[in-house]
Amino acid sequence: MAVEGPVSYWSISSHDFNGHFHNFHFVRPAAALPNEASSSPFPIGNGAPHSASFGFASLALTNVAIMKKAISIRFAEEADQKYLVEWLLQPGVLEWFPLADIREIEDAARIWLAYAKQDAVLTALWDGVPCGIANLYLQPYKKLAHQCLFAIVVDEKYRGKGVGTKLMGELMALAKDTFKIELLHLEVYEGNPAKNLYDRLGFEQYGIHRRFIKSDGKYQSKVLMQKKL
Ligand SMILES: CC(C)(COP(=O)(O)OP(=O)(O)OC[C@H]1O[C@@H](n2cnc3c(N)ncnc32)[C@H](O)[C@@H]1OP(=O)(O)O)[C@@H](O)C(=O)NCCC(=O)NCCS
């Protein structure tokens, strides 16, 4: 590929949060890099500053308490990587991922960064503080580019408050509108309550990979689900 002007070269080989191997080699004009070396939120889709934030007040007539929530979504930034590592280390989370320890988490976090640089990763903020991350594993091959896998994790302090639902809504819109993804799929281990969320969002089970995980001598199956966008 002929490239004019300043270019950025980078390559990376590693495993993602689902344990799949990725090997990237990028050569891109600097001007085409959308989300590098910046700490500012980037627009989603249309080039205008985007905020998916919403707020509501829940008022009980008999009581003066006002519950406010403000979830906003922006593209992930390199600095978000530390939150991702922190959340994966929270109690019980690794039960739902193939990763076993900090070395494997850091390996996967490198791949995560490669997708963040392609604006394929979204970060949710709760009152401005990062509280969840979801990413699309875009396919490098043309014949596979109409479909992709995703991964999601929400900080334990913010689970069950709609962050996952909001992130998934934005991720599906990003997948469909920007990356022209027609089929979004996921891998969830048997017993993970996250499946409730995927069922609610209209993902359908299309397969099961039995005995996919073996940890401390115990096997776990992986459920495969997909949704047409
Ligand atoms: C799965 C996860 C991303 C959902 O995010 P969330 O912000 O809690 O999601 P929401 O509040 O929008 O919706 C909650 C839904 O997720 C399910 N859920 C899964 N784990 C949950 C948890 N620990 N706390 C609350 N809800 C959870 C609930 O059953 C609920 O479904 P329902 O509303 O249909 O009953 C989040 O719980 C999480 O990060 N879990 C640990 C990591 C993980 O399992 N990731 C997915 C791997 S496939």
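**Notebook: hairpin, helices and ligand shell**

I began at the C-terminal hairpin: β9 and β10 form it with two residues between them, and Asp 216 in the turn has a positive phi of about 50°. The model is a predicted one: local features need pLDDT of at least 70, side-chain atom pairs count only at pLDDT 80 or more, and totals for chains, interfaces and linings use all residues. Residues are numbered from 1 along each chain as its sequence is written.

**Entry 1. Overall layout**

I looked up the secondary structure next. The protein chain has four helices and ten strands. Helices (H or I, at least four residues) and strands (E, at least two) are DSSP runs, numbered from the N terminus. I read the order along the sequence as β-β-β-β-α-α-β-β-β-α-β-α-β-β.

Then I checked burial. A residue is buried if 20 or more other C-beta atoms lie within 10 Å of its own, exposed if 12 or fewer, and partly exposed in between, with C-beta atoms placed from the backbone. The protein chain has 229 residues, and 27% count as buried.

For contacts I used C-beta atoms, placed from the backbone, within 7 Å. Of the contacts between residues at least 6 apart in sequence, 57% join residues at least 24 apart.

**Entry 2. Strands β8, β9 and β10**

I went back to the hairpin strands. Strands pair if DSSP finds at least two bridges between them. β9 (residues 204–215) runs antiparallel to β10, with eight bridges joining them. I noted His 209 opposite Lys 222 in β10. Gly 207 stands opposite Leu 224 in β10.

Which strand else is joined to β10 (residues 218–228)? I found β8 (residues 183–189), antiparallel to β10 and joined by seven bridges. Glu 187 has Leu 224 as its bridge partner in β10. Leu 224 therefore turns up in my notes against both Glu 187 and Gly 207.

How many of the twelve residues of β9 are buried? The count is zero, and β9 is hardly covered. For the turn, I noted that Asp 216 counts as exposed because it has 4 C-beta neighbours inside 10 Å. Asp 216 is not a glycine, yet its phi is positive.

**Entry 3. Helices α2 and α3**

I compared helix lengths with the expected span, which is 1.5 Å times one less than the number of residues. Helix α2 (residues 102–116) has 15 residues and should span 21 Å; its end C-alpha atoms are 20 Å apart, which agrees. For the 16 residues of α3 the expected span is 22 Å, and the end C-alpha atoms are 22 Å apart, which also agrees.

I listed the buried residues too. In α2 they include Ile 105, Ala 108, Ile 111, Trp 112 and Tyr 115. In α3 they include Val 163, Leu 167, Met 168, Leu 171 and Leu 174. An α-helix has 3.6 residues a turn, so residues three or four places apart point the same way. After α3 comes Lys 180, with a positive phi near 55°.

**Entry 4. Asp 119**

I looked at another residue with positive phi. Asp 119 has a phi of about 55° although it is not a glycine. Its place is the loop between α2 and β5 (121–126). Is Asp 119 buried or exposed? Asp 119 is buried, because 21 other C-beta atoms lie within 10 Å.

**Entry 5. Tyr 83**

I found Tyr 83 in helix α1 (residues 81–88). Tyr 83 counts as partly exposed because it has 18 C-beta neighbours inside 10 Å. Leaving aside neighbours within four places in sequence, Tyr 83 is in contact with Pro 130 and Ile 133. Tyr 83 and Pro 130 are 47 residues apart in sequence, and 7.4 Å apart C-alpha to C-alpha.

**Entry 6. The ligand shell**

I finished with the ligand. A residue is near it if its C-beta atom, placed from the backbone, lies within 6 Å. I got 19 residues around the ligand, with Gly 160, Gly 164, Thr 165, Ala 194 and Asn 196 the closest. β7 (147–154), α3 (163–178) and α4 (194–200) are the elements that give two or more residues to this shell. α4 gives the most, with four residues.

By class, I noted ten nonpolar, six polar and three charged residues in the shell. Here Ala, Val, Leu, Ile, Met, Phe, Trp, Tyr, Cys and Pro count as nonpolar, Asp, Glu, Lys and Arg as charged, and the others, Gly among them, as polar.

Terms used
Two residues are in contact if their C-beta atoms, placed from the backbone, lie within 7 Å.
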